[in-house]
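Colleague: I am new to this structure and would like a close look at a single part of it, with the pocket as the place to begin. Please go slowly, and follow the connections outward from there.

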Amino acid sequence: MDAVVKPLRKASLSDHVKSVTLGARPSREEAEAAVRTLIAYTGDDPAREGLLETPKRVVDAYEELYRGYRECPAEVLDRTFSEIGGYDDLVLVRDIAFNSQCEHHMMPFMGKAHIAYKPVERVVGLSKLARLVDVYARRLQTQEHMTSQIATAIEEILNPRGIAVMIEAEHMCMSLRGVEKLGASTVTTHFVGSFRDDPAEQVRFMTLVRKG
Ligand SMILES: [Zn+2]
């Protein structure tokens with residue numbers, strides 16, 4: 001059994017890695033009233049029978065879609081394993097499906113994240129990387145921020161030799177409104193350490209991600 005050790009933390013973690021300190025939230029009643037206002041804004045009648053329960057359902061969905069504000073990336077990556085048997089090449093977890101909400105339109109964007117890192121002395125359970133993606137996805141996001149925040153969290157908690165994060169996603173705000181381009185995907189990458197410094201490492205990462 002590998003030893004579980006506390007990670008060597010940098011002196012200070014970025015705010016988004018520690019947690020999100022929310023101010024006082026509006027009450028549930030206030031949130032439901034806001035949904036009724038939006039329904040009325042569409043031109044429909046919030047008092048219509050089919051819509052009576054809708055504000056409650058929307059607020060329930062918000063609890064789920066935005067639960068990442070009540071989760072802490074540092075805690076997700078808290079347990080690391082120190083006996084890695086001299087393994088120092090990359091660890092890649094690819095095709096981590098996620099869905100998030102864009103902060104510009106509050107409409108979904110969804111796709112896959114691929115994460116690689118080169119461990120130094122410690123690794124993290126593979127499922128934790130998938131959970132880390134979810135913590136950041138379940139917040140109002142831009143794809144660019146999500147990509148770099150995932151990399152920063154891994155950097156600050158695990159301190160590996162290199163990190164590569166790639167996200168491919170389709171944005172409903174682009175597919176269903178605006179330019180209405182169904183199926184267009186956006187790719188973002190963020191490289192840290194050995195991946196940033198060595199273009200050959202980036203190519204290797206991309207090749208492994210693309211290998212079907
Ligand atoms: Zn958008």
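Modeller: A word on names comes first: a helix here is a DSSP run of H or I with at least four residues, a strand is a run of E with at least two, and both are numbered from the N terminus. Please also keep in mind that this is a predicted model.

The largest pocket has a volume of about 480 Å³, and 18 residues line it. Nearest its centre lie Arg25, Ala31, Val59, Tyr62 and Tyr66. Two helices, α2 (28-42) and α3 (54-65), each give at least two residues to this lining, and α2 provides the largest share, with five residues. Sorted by class, the lining of the largest pocket holds 13 nonpolar residues, four charged ones and one polar one.

Two of the tyrosines nearest the centre of the pocket, Tyr62 and Tyr66, lead on to the aromatic residues, since together with Tyr69 they make up one aromatic cluster. Five aromatic pairs are found in a search of the whole structure. Among them, Tyr66 and Tyr69 make a tilted pair, with 6.5 Å from centre to centre and 35° between the planes. Tyr66 counts as buried because its relative accessible area of 8% falls under the 20% cut-off, whereas Tyr69, at 22%, is partly exposed.

A second pair, Phe191 with Phe205, is edge-to-face, at 6.1 Å centre to centre and with 90° between the planes. Phe191 belongs to strand β8 (residues 186-193) and Phe205 to helix α9 (residues 199-210), so this pair ties together parts that lie 14 residues apart in sequence. Both of these phenylalanines are buried.

Strand β8 brings us to the sheet, which is open and has five strands in the order β6-β3-β4-β7-β8, with mixed pairing. At its edges stand β6 (140-141) and β8, each with a single partner strand, so one side of each is left without a neighbour in the sheet. Further in, β3 and β4 pair in the antiparallel sense over nine bridges. Along this pairing, Ala97 has Lys112 in β4 as its bridge partner, and Ile96 stands opposite Ala113 in β4. On to β7 (residues 162-171), β4 is joined by 10 bridges, and these two strands also run antiparallel; here Ala116 has Ala164 in β7 as its bridge partner.

The strands β3 and β4 form a hairpin with five residues between them, and Met106 in its turn has a positive phi of about 55°. The loop between β3 (91-102) and β4 (108-118) also holds His105, and with that residue we reach the metal. The zinc ion is coordinated by Cys102 through SG, His105 through ND1 and Cys173 through SG, at 2.2 to 2.3 Å. Along the sequence, these donor residues follow the spacing C-x2-H-x67-C. The pair of His105 and Cys173 links distant parts of the chain, 68 residues apart, with Cys173 placed in helix α7 (residues 172-175). His105 is partly exposed, with a relative accessible area of 34%, while Cys173 is buried, with a relative accessible area of 12%.

How values were computed:
Residues are numbered from 1 along each chain as its sequence is written. This is a predicted model: local features need pLDDT of at least 70, side-chain atom pairs count only at pLDDT 80 or more; totals for chains, interfaces and linings use all residues. Side-chain values use heavy atoms; hydrogens and water are left out. On a 1 Å grid over the protein atoms alone, a cavity is a set of points where a 1.4 Å probe fits but cannot get out, and a pocket is an open set with protein on both sides within 12 Å along at least five of seven lines; lining residues have an atom within 4 Å of a point. Grid points are joined across faces, edges and corners, and a volume is the space filled by probe spheres set on the points. Ala, Val, Leu, Ile, Met, Phe, Trp, Tyr, Cys and Pro count as nonpolar, Asp, Glu, Lys and Arg as charged, and the others, Gly among them, as polar. Rings of Phe, Tyr and Trp (its six-membered ring) pair if their centres lie within 6.5 Å; planes under 30 degrees apart count as stacked, over 60 as edge-to-face and the rest as tilted. Buried means under 20% relative accessible area, exposed over 50%, partly exposed in between (1.4 Å probe, protein chains only). Donors are N, O and S atoms within 2.8 Å of the metal (3.2 Å for Na, K and Ca); water is not among the atoms, so sites may look incomplete. Two strands pair if DSSP finds at least two bridges between them.
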